[in-house]
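Biologist: I am new to this structure and would like a close look at a single part of it. Please take one residue, describe its setting, and then work outward to the rest of the chain.

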Amino acid sequence: MIFEFADSEVSRCAWRDGRLQLHFSAARLLDADDPRADPVWAPVLLVAEQAEPWETLDTSACMGRLRQGFVLHASQRIQKLPLPCELQGVVTMELEFAQGGVVHVRCHALSIHPVQGADKVGAYQC
């Protein structure tokens, strides 16, 4: 599976002792083997270690639907990551939320993993 920042939904943000955790209640996932397949959504956890926000990090600003997002790693701008994924070394992340908030974070390791025991769904209805 491939994780895509755009249209993913962050339900919870935790920032403590240099560790940023973003809990995606509905991460947009694409089929790595069939790029034409419809996306599915599933819970995912993103963890940034030794994280340094560029500005004061208000955890309430890190919630909601993402308009877009990307990471910079090894001189590459990446908008889609394999799931699971582990990036080591300096990683810069920019997240733009649908409500207009933008979060910039630099960290020294970033990981993203599916939540154990959670099912993928074709769509969420509110």
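Modeller: Gly89 counts as partly exposed, because its relative accessibility is 33% and the partly exposed class runs between under 20% for buried and over 50% for exposed. The model is a predicted one, and that applies to every value that follows. Gly89 is found in strand S8, which covers residues 85-97. Leaving out residues up to four places away in sequence, Gly89 touches Cys107, His108 and Ala109. Those three belong to a later stretch of the chain, and strand S9 spans residues 102-114.

Another residue to set beside Gly89 is His73. The two are 16 residues apart in sequence, and their C-alpha atoms are 7.8 Å apart in space. His73 is found in strand S5, residues 64-73. With a relative accessibility of 17%, His73 counts as buried, because the limit for that class is under 20%. The side chain of His73 reaches the backbone oxygen of Gln88 at 2.8 Å. Not counting residues up to four places away in sequence, His73 touches Ile78, Leu87, Gln88, Val90 and Val91. Gly89 is not named among these contacts of His73.

Just before S8 there is a feature of the backbone to look at. Leu83 and Pro84 are joined by a cis peptide bond, with omega at about 0 degrees. Pro84 sits in the loop between strand S7 (80-82) and S8. Most peptide bonds are trans, and most residues other than glycine have a negative phi. Two residues elsewhere in the chain depart from the second of these habits. Asp7, although not a glycine, has a positive phi of about 75 degrees. Asp7 is placed in strand S1, residues 2-16, and is partly exposed at a relative accessible area of 34%. Gln50 is not a glycine either, and its phi is positive at about 50 degrees. The place of Gln50 is the loop between strand S3 (40-49) and strand S4 (52-53). Gln50 is exposed, with a relative accessible area of 51%.

Back in S8, the strand that holds Gly89 also holds Phe97. Phe97 has a relative accessible area of 0% and is buried. Leaving out residues up to four places away in sequence, Phe97 touches Val10, Ala61, Cys62, Met63, Gly64, Arg65, Leu66, Arg67 and Val103. One of these, Val10, is 87 residues from Phe97 along the chain, and the C-alpha atoms of the two are separated by 9.3 Å.

Strand S9 brings in another histidine. His104 lies in S9 and is buried, with a relative accessible area of 17%. The side chain of His104 makes a polar contact with the side chain of Glu94, at 2.9 Å.

Past S9, the segment that follows contains Gly122. Gly122 is exposed, with a relative accessible area of 51%. Setting aside neighbours within four places in sequence, Gly122 is in contact with Pro39, Val40 and Trp41. Gly122 and Asp38 are 84 residues apart along the chain, yet their C-alpha atoms are separated by 7.8 Å.

These local views can be placed in the chain as a whole. The protein chain has zero helices and nine strands, so the pattern read along the sequence is β-β-β-β-β-β-β-β-β. The radius of gyration is 14 Å, close to the 14 Å that the globule rule gives for 126 residues, so the chain is as compact as a globular protein of that length. The C-alpha atoms fill a box of roughly 35 × 30 × 25 Å along the principal axes. Of the 126 residues, 42% are buried. Among contacts between residues at least 6 apart in sequence, 65% join residues at least 24 apart. The pair Phe97 and Val10 is a contact with a sequence separation of 87 residues.

The surface and charges complete the description. The protein chain exposes about 7,100 Å², and carbon and sulfur atoms supply 48% of that area. There are 11 positive and 16 negative charges, and their mean positions are 1 Å apart.

Definitions and conventions: Residues are numbered from 1 along each chain as its sequence is written. This is a predicted model: local features need pLDDT of at least 70, side-chain atom pairs count only at pLDDT 80 or more; totals for chains, interfaces and linings use all residues. Side-chain values use heavy atoms; hydrogens and water are left out. Helices (H or I, at least four residues) and strands (E, at least two) are DSSP runs, numbered from the N terminus. Buried means under 20% relative accessible area, exposed over 50%, partly exposed in between (1.4 Å probe, protein chains only). Contact means heavy atoms within 4.5 Å. The radius of gyration is taken over C-alpha atoms; the globule rule is 2.2 Å times the number of residues to the power 0.38. Accessible areas come from the Shrake-Rupley method with a 1.4 Å probe; for residues, only the protein chains shown count as cover. Lys and Arg count as positive and Asp and Glu as negative; His and the chain ends are not counted. The place of a charge is taken as NZ of Lys, CZ of Arg, CG of Asp or CD of Glu. A polar contact is a pair of N or O atoms within 3.5 Å; within protein, one must be able to donate a hydrogen and the other to accept it, and residues adjacent in sequence count only if both atoms are side-chain atoms.
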